[in-house]
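The following paragraphs lead the reader through a protein model, from its annotated spans to its cysteines. Please keep the sequence and the 3D view at hand.

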Amino acid sequence: MNDSVCAYDYSVVEDLQGKNITDGDRLKWPCQLRVLWVDILPFVTLVRGLLSYGTSIVIILGLIANCISVIVLTRKHMRKSTTNLYLSVLAVYDMLSLTMNFMIGVLRGQNLAVNKDFQDHESLCKFHGVIVELFNLLSVWVILSFTVERFIMIKFPLKAKALTVRRAALAITGVSSAVFLFSMHKIAVSGFEGDSVFGYKACKTRRAITPEIIYFYVAFNTWLPTFIIVGLNALIIFEIRKNSIKRKAMTTTSLTKKDEKATKLLLIVSSTYVILILPLGLIQSTELIWNTTAKVNPGQQGYIDFQSTKIKLKWARAFFFFFYQFNFAINFFLYVSSSSATRFQATLRKLFGMKVKDEEMTWMRTQATKSNAVAPSAPSASVVPVES
């Protein structure tokens, strides 16, 4: 299409508004791409709104919900459960990700002065690069650690007694330390910060620019934990079904009802994570492969097709990234709505001064026993009441 008869001039492209158009600009934005940009602009506007106002709402609700979760899960009678330890640590990491990752991203994308501070101080850029990677990875790898623990308890019940709160704390510390050390590479290496979904301009950096590092990041943040979680969840579901069949046949089962409820809660949390990250992972991986294998420079044959697909994939990634953020705010609502988190729900109602049925609080008036469950077990005649 001839640029002289194009329906849209170069001003429709934001980066070219008020700028003297060069030959390079003409090659990068031929008429067909300007027409495409105008066509998808309503969708782009929607995505930008989601990643500014929508993300702000997610951050506020997520901080409130995770804060309540931490308060409930760390109550004295809740601390002897490894499940509650994993979930409370997950809530803390989610709050850090909401503030240090998404909130900073929104501020940089919406406020030029804030982003200029980052651009003028490379140390801030290094700090942001590290925390973006760190807190995203911490949340998913804590979920993975929790999944591994539940699988061991289900598959090898004789080893369940060894899964103490202390060992869970050591496992969380080990995983967190490993993720922290891995994230430190962002001090020396810059990967994909130049194409943030929040739309801020990248920092000028003296770090080694290695775009290929994003392949490893996507694998480490998305595909590796997702495949492991899905695989272990499938095995856990199989063991729960076997346990259910044994219970119906009135034979001995290796899994108590309270541990089964805790395990079902894990399945809800981890499956929600997979559902929310999978579309983003698919789009992100497709975009990486396309940008690498199909790359065509401006002015060359096939450039318009390449760039058109690149633009569509970029904004599809940004769209699904918005829903990915729900992972860091949704767990509280899963606990409240799940029948597998009755202890959490009863403690929450008591915390807010709401009426709680006597049978729901039996476990609070009985002597604490070591348990890995979120849900209460049925009262037993052998349990000695705690003296008031």
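In this predicted model, residues 214-238 form a span that is 100% helix and 0% strand, and the C-alpha atoms at its ends lie 35 Å apart. A second span, residues 50-73, is likewise described as 100% helix and 0% strand; here the end C-alpha atoms are separated by 31 Å.

Both spans appear in a database record. The unreviewed UniProt entry applies the annotation "transmembrane region" to residues 50-73, 85-107, 127-148, 168-188, 214-238, 265-283 and 315-336. Such annotations may be inferred rather than shown by experiment.

The cysteines come next. How many disulfides does a search of the whole structure find? The search returns one. It joins Cys6 to Cys31, with an S to S distance of 2.0 Å, and this value satisfies the criterion of sulfur atoms within 2.5 Å. The link between Cys6 and Cys31 is right-handed, with 85 degrees about the S-S bond. Cys6 is located in the segment before helix H1 (23-28), whereas Cys31 belongs to helix H2 (residues 31-73), so the pair ties together parts that are 25 residues apart in sequence. A disulfide is a covalent bond between the sulfur atoms of two cysteines.

Are the joined cysteines buried or exposed? Cys6 has a relative accessibility of 14% and therefore counts as buried, because the limit for that class is under 20%. Cys31 is also buried, at a relative accessible area of 0%. Cys67, by contrast, has 37% relative accessibility and counts as partly exposed.

Technical notes
Residues numbered from 1 in each chain as written. Predicted model: local features only at pLDDT ≥ 70, side-chain atom pairs only at ≥ 80, totals over all residues. Heavy atoms only, no water. Helix = DSSP H or I, 4+ residues; strand = E, 2+ residues; numbered from the N terminus. Buried < 20%, exposed > 50% of the residue type's maximum accessible area, 1.4 Å probe, protein only.
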